[in-house]
Amino acid sequence: MQTLQIGKCLIGPGRPVFIIAEAGVNHNGKFALAKKLVDSAKAAGADAVKFQTFRAEDVVTQKGKMAAYQKRNTGVSESQIAMLRRLTLSDAEFAALAAYAKKRSIIFFSTAAGGFRSVDVLQKIGVPAFKFGSSDLDNLPLLDYAARLRKPMLISTGMGTMREAAEAVAAIRKRGNQKIVVFQSTTDYPADFAETNLRAMSTMEKMFKIVPGFSDHTVGSQASMVAVALGAQMLEKHLTLDNNLTGPDHKSSLNPKDFAQYVRDVRTAELVLGSPYKTVAKSAKQYIPLVLKSIVAGRPIRKGERLSRENLAIKRPAGGLPPKAYFAMVGKRAHRDIAQDEFVRKSDYEKK
C-alpha cells in the first residue's frame with residue numbers, strides 16, 4: 001500500500017484514517033453557510049473539509065436534466081444548470097474560504113467539478129490535493145491536466161467500471177504522478193447498502209497499488225466501519241448544517257451532531273482493529289497466573305504408578321507444567337507419591 005501526504009497528515013498503513021467532511025454544495029451558494037460548514041467539520045474532528053468548485057456553465061449544457069436523486073431530495077424538477085447556479089460560490093469566496101479553513105487549522109480542498117478552469121482556480125488557491133467525482137472518472141484529459149501538478153489525486157469510481165478506473169490511474173501515472181487515492185463509491189444519495197460493494201475497494205487496492213478510500217453515501221456509519229476493517233485509509237462523508245435545508249444533498253448528509261459521532265465511530269473502529277500481530281493485551285496479563293492451567297494429580301498418585309488420564313488433571317492456576325506437557329508424561333512412572341491437586345513436575349516422572 002502506498003503512503004502519501006496531504007497537508008501535515010501522512011496517510012497509509014499504520015496511520016489514522018483520513019476523514020473528509022464533504023461539505024460539497026451544502027452551503028446553498030451562501031458564503032456564510034460555507035464558513036459554518038468549515039466550523040462544523042473542525043468541531044466534529046474531521047481532518048479536512050471539502051467543497052465543490054465549478055461554474056454551472058462549465059459542468060452541464062442548457063439541456064441537461066436533473067438526476068433522479070436531485071429531484072427526489074429537492075422536490076423540484078428543473079434543468080441541472082438552473083439548480084447548479086444556485087449552488088455556486090465565486091472564485092474570491094473560495095479563496096476566502098480556504099484562508100478561513102487555514103485559520104481554523106483544518107485542511108481545505110475541493111472537487112474540481114468544473115473542468116480545466118476549476119483546476120486552475122484551485123491551484124491558484126493552493127489546495128494540497130485534487131479530488132474528482134466519478135462523473136470525471138473517464139475524463140482523462142482533465143485528470144492528465146491536474147496530474148502534471150504532482151499533487152495527490154483523489155478519484156471516485158461510483159459510475160465507473162474496473163477498466164475505467166484502471167485507465168484513470170494509468171493516465172495519472174503517465175504524468176509521473178504516483179500519489180493516487182481511489183475511492184469506492186455508489187452514486188446515489190442515499191446509497192443502498194446492497195449496492196455498496198466494498199470488496200471492490202480491496203480489489204482496486206491490490207490491482208492498482210493505490211491508497212484505498214471509501215466515499216460513503218449510505219445512511220449512518222456502518223458501511224464506513226466495514227470499510228475501515230477492510231483497510232480504507234481515507235473516508236469521505238457528506239456534512240450538512242441541517243437535513244431540512246433545501247438542496248440535492250442535505251437529506252443524505254450527516255448533521256453536525258451525527259458527523260461528530262461518525263468521527264468517534266471511525267476512531268473506535270481503528271482502536272478495535274489494533275495491530276495485525278497476535279499479542280496478549282496488557283489488561284489480560286494480570287489474569288494469566290490465575291486462569292491459565294497446569295497439570296496436577298487428579299487423585300493421590302502412588303510412587304511407581306503410571307501417569308494416565310485416570311490420575312492426571314488439568315486445572316487452574318498456572319505455575320506448574322502447561323497442558324501441552326501432558327503428552328510427554330502419560331505412561332511414565334511416578335518417582336514419588338503425589339497428593340491430589342499437587343503440581344506434577346518433570347522430576348516426578350523423568351529419568352534421573
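Visitor: Hi! Where does Asn197 lie?
Guide: Hello! In this predicted model, Asn197 lies in the loop between E8 and H9.

Visitor: What is its phi, positive or negative?
Guide: Positive, at about 50°, although Asn197 is not a glycine.

Visitor: And is Asn197 buried, partly exposed or exposed?
Guide: Asn197 is partly exposed, because its relative accessible area is 48%, and the partly exposed class runs between 20% and 50%.

Visitor: Which peptide bond is cis around Pro190?
Guide: The one that runs from Tyr189 to Pro190, with omega near 0°. Pro190 is also in the loop between E8 and helix H9, which spans 199–208.

Visitor: What about Pro317, which bond there is cis?
Guide: The bond from Arg316 to Pro317 is cis, with omega near 5°. Pro317 sits in the loop between strand E12 (312–315) and helix H14 (326–329).

Visitor: Back to E8. Where is Gln184 placed?
Guide: Gln184 is in strand E8, residues 180–185.

Visitor: Buried or exposed?
Guide: Gln184 counts as buried, because its relative accessibility is 8% and buried means under 20%.

Visitor: Which residues does Gln184 touch?
Guide: Leaving out residues up to four places away in sequence, Gln184 touches Thr157, Thr196, Asn197, Leu198, Ala200, Met201, Met204, Gly213, Phe214 and Ser215. So Asn197, the loop residue with the positive phi, is one of the contacts of Gln184, and that loop runs between E8 and H9.

Visitor: Changing topic: how many residues does helix H11 have?
Guide: H11 has 18 residues, 256–273. From its first C-alpha to its last, H11 reaches 26 Å, close to the 26 Å expected at 1.5 Å a residue.

Visitor: What comes just after H11?
Guide: Gly274, which takes a positive phi of about 60°.

Visitor: Which residues of H11 are buried?
Guide: Phe259, Ala260, Tyr262, Val263, Val266 and Ala269.

Visitor: And what covers them?
Guide: The cover includes strands E3 (18–24), E9 (211–216) and E10 (234–238), along with helices H1 (31–44) and H10 (222–229).

Visitor: How many aromatic pairs does a search of the whole structure find?
Guide: Four. One of them is in H11: the rings of Phe259 and Tyr262 have centres 5.5 Å apart and planes at 50°, so the pair is tilted.

Visitor: Why about one helical turn between Phe259 and Tyr262?
Guide: Because Phe259 and Tyr262 are three residues apart in helix H11. In general, an α-helix has 3.6 residues a turn, so residues three or four places apart point the same way.

Visitor: Are those two buried or exposed?
Guide: Phe259 is buried, with a relative accessible area of 0%, and Tyr262 counts as buried at 2%.

Visitor: Which type of aromatic pair do Tyr326 and Phe327 form?
Guide: An edge-to-face one, with 5.9 Å centre to centre and 85° between the planes. Phe327 is exposed, with a relative accessible area of 69%.

Visitor: Where is Ala334 found?
Guide: Ala334 is in the segment after H14. Ala334 is buried, with a relative accessible area of 3%.

Visitor: What is Ala334 in contact with?
Guide: Leaving aside neighbours within four places in sequence, Ala334 is in contact with Ile301, Arg302, Lys303, Gly304, Glu305, Leu307 and Asp348.

Visitor: How many Å apart are Ala334 and Lys179?
Guide: They are 68 Å apart in space, C-alpha to C-alpha, and 155 residues apart in sequence.

Visitor: What is phi of Asp341 near?
Guide: Phi of Asp341 is near 70°, a positive value in a residue other than glycine. Asp341 also lies in the segment after H14, and counts as partly exposed at 43% relative accessibility.

Visitor: Last topic, pockets. What volume does the second largest pocket have?
Guide: About 360 Å³. The second largest pocket is lined by 15 residues, and Ala98, Lys102, Ile106, Ile107 and Phe108 lie nearest its centre.

Visitor: Which elements each supply at least two residues of that lining?
Guide: Helix H5 (91–103) and strand E5 (107–112) do. The largest share, three residues, comes from H5.

Visitor: And what is the lining like by class?
Guide: It has nine nonpolar, three polar and three charged residues.

Conventions: Residues are numbered from 1 along each chain as its sequence is written. This is a predicted model: local features need pLDDT of at least 70, side-chain atom pairs count only at pLDDT 80 or more; totals for chains, interfaces and linings use all residues. Side-chain values use heavy atoms; hydrogens and water are left out. On a 1 Å grid over the protein atoms alone, a cavity is a set of points where a 1.4 Å probe fits but cannot get out, and a pocket is an open set with protein on both sides within 12 Å along at least five of seven lines; lining residues have an atom within 4 Å of a point. Grid points are joined across faces, edges and corners, and a volume is the space filled by probe spheres set on the points. Helices (H or I, at least four residues) and strands (E, at least two) are DSSP runs, numbered from the N terminus. Ala, Val, Leu, Ile, Met, Phe, Trp, Tyr, Cys and Pro count as nonpolar, Asp, Glu, Lys and Arg as charged, and the others, Gly among them, as polar. The expected span of a helix is 1.5 Å times one less than its number of residues. Buried means under 20% relative accessible area, exposed over 50%, partly exposed in between (1.4 Å probe, protein chains only). Contact means heavy atoms within 4.5 Å. Rings of Phe, Tyr and Trp (its six-membered ring) pair if their centres lie within 6.5 Å; planes under 30 degrees apart count as stacked, over 60 as edge-to-face and the rest as tilted.
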